[in-house]
Each structure stands twice: as C-alpha cells, then as structure tokens.
Amino acid sequence: MLILNLKNYEESTTTHLWKLLDSLNTLVEERPDFKEKLLIAPSMVFLLLAKERYPNLNFISQHVDDKEQGSTTGWTPAEVLVSNGINFSLINHSEHRVLPKNYVDELQSKGIKVIACCENLDEAEIFLKSKAWAIAYEPKDLIGSGVSVTNRSEDVKKFTKALKGKTKVIVGAGITKASDIKASIELGADGVLVASAFVKSQDPYSKGYELLNVFGEIDPEK
Ligand code: G3P
C-alpha cells in the first residue's frame with residue numbers, strides 16, 4: 001500500500017495539484033491493479049473537490065478531530081468526512097499531533113478507519129490498544145529529508161516486529177525511490193507513506209509508477 005500525503009506544499013495546493021492527480025489517475029486507468037494499493041491524502045482544502053474530480057482514485061483525510069458535527073468551527077468531525085464518502089484518515093502526524101489524547105476508538109466507531117502516525121513504539125502501543133486500522137512509524141527528523149527511514153533498519157525492524165499480525169504496519173519519512181520501498185517491505189512493512197518525493201517530482205507520472213509498481217511486483221495483496 002502506498003499512501004501519498006500531499007500535505008500543503010505549493011505544488012499540491014495550486015493548479016499543479018491537478019497535474020499530480022492527473023498522473024495518478026492515468027496510472028490507475030492503465031493499471032487497474034494499482035487502484036486499491038493507492039491512498040491519497042490531499043490538502044484538506046482540496047479533499048472533496050479532488051474526490052469529485054477523480055472518482056477512480058481513493059482519497060483519505062490528512063486529519064480528523066474528536067468533534068461533533070454541528071457548532072464546531074474550524075474542526076473536521078468524523079461524521080462530516082464519512083457522510084461525504086471519506087472513510088480513512090491519518091491522525092497524529094508529526095506535523096499535527098493529537099497525543100496524549102487518543103480518540104481512535106471514537107473515530108472508528110463513527111466509520112473512519114484510522115492510520116495512526118507514531119514517532120516511537122510507546123506511541124504505537126497506545127494506538128494498538130485502540131485497534132487502529134493501521135499504524136505508521138515516521139521518525140520526525142527524517143521527514144522531508146530524502147534520507148529514508150530504512151537507513152534505521154534496526155528501529156524499523158523493532159517496530160514492524162512488535163506490530164506484525166496485530167494491525168497494518170506502515171513506515172515513512174525520507175522515502176524517495178523504489179528501492180526504499182523494497183527495503184521497507186523487507187523490514188516487515190505492509191505499506192509506506194510518501195510526501196515530498198512525489199509532490200516535488202518533475203515527472204509525477206514516472207515517480208508514481210516507480211513507487212506503485214513495487215507493490216505490483218512484490219505482492220498483489222499489498
Ligand atoms: O506523511 C508522510 C511524510 O511525513 C513523509 O514525508 O517528505 O519524507 O516523504 P517525506
């Protein structure tokens with residue numbers, strides 16, 4: 001599984017966003033097997049517009065709050081996402097922390113599958129107790145660095161080993177190329193989170209193909 005977090009980069013919040021999504025849409029048209037392997041988290045400002053424009057792509061939310069639908073100005077309640085067809089969300093990304101508050105149970109009872117981001121195993125254990133749909137390990141200092149998390153192979157192995165079989169295990173930070181994804185899978189990950197390498201690519205079609213094709217080659221179920 002490839003999760004593309006498009007964040008709020010200039011490249012992903014201007015008309016360039018449509019170039020990124022056109023590329024992914026073409027890839028999924030050409031390779032229908034890519035469709036279920038790809039989750040895309042656009043800027044919240046573009047989430048529903050992107051979903052409407054690209055019905056063949058799977059969009060997820062970058063964040064969701066523990067707030068009710070109603071008088072909750074500026075928050076993103078789970079009910080609002082679910083009633084608009086968004087059924088997955090990242091939570092606790094290093095750039096948008098929620099811990100020590102953990103409201104995964106509440107979110108998942110409302111129909112949102114949660115991909116909980118963690119900076120270490122202690123945090124992961126908290127989300128594991130809540131049966132988060134997936135748990136992602138992202139060391140903060142490597143995010144956007146271009147230095148792949150898989151360079152810290154012992155840390156990654158420790159993480160995947162502790163969670164394997166209990167939830168889906170995702171790793172991210174600094175992943176830029178197919179060999180980083182292959183290394184992640186060899187270290188026990190079910191999927192990866194990638195942002196800057198795709199968003200800032202000069203050729204998003206080729207980069208998207210390179211990243212997605214690893215999952216096509218290794219295991220059609222992932
Ligand atoms: O959520 C993914 C992200 O934090 C990783 O960023 O730019 O290192 O791929 P990047």
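**Strand β1 and the ligand site**

In this predicted model, residue N5 stands opposite A41 of strand β2. N5 belongs to strand β1, which spans residues 2–5, and β2 covers residues 38–41. The two strands run parallel and are joined by four bridges. Between them, the chain passes from β1 through helix α1, formed by residues 16–30, and on to β2. This β-α-β crossover is right-handed.

Strand β1 also pairs with strand β7, which comprises residues 191–194. Three bridges connect β1 and β7, and their orientation is again parallel. Within this pairing, L4 is positioned opposite V194 of β7. Both faces of β1 are covered: L2 and L4 lie on one side, I3 and N5 lie on the other, and all of these residues are buried.

N5 and V194 also take part in the surroundings of the ligand. The complete set of surrounding residues consists of N5, K7, H93, E138, I143, G144, A173, G174, L193, V194, A195 and S196. Classified by residue type, this shell contains five nonpolar, five polar and two charged residues.

Polar contacts to oxygen atoms of the ligand involve both side-chain and backbone atoms. An N or O atom in the side chain of N5 is 3.1 Å from a ligand oxygen atom. For G174, a backbone N or O atom lies 2.8 Å from an oxygen atom of the ligand, and for A195 the corresponding backbone distance is 2.9 Å. The ligand taken alone exposes 310 Å², of which the protein buries 100%.

Methods. Residues numbered from 1 in each chain as written. Predicted model: local features only at pLDDT ≥ 70, side-chain atom pairs only at ≥ 80, totals over all residues. Heavy atoms only, no water. Buried < 20%, exposed > 50% of the residue type's maximum accessible area, 1.4 Å probe, protein only. Pairing = 2+ DSSP bridges. Right-handed = clockwise from strand over helix to strand, strands pointing away. Near = heavy atom within 4 Å. Polar contact = N/O pair within 3.5 Å; in protein donor to acceptor, adjacent residues only side chain to side chain. Areas by Shrake-Rupley, 256 points an atom, 1.4 Å probe, with all protein chains shown as cover. Nonpolar A, V, L, I, M, F, W, Y, C, P; charged D, E, K, R; others polar.
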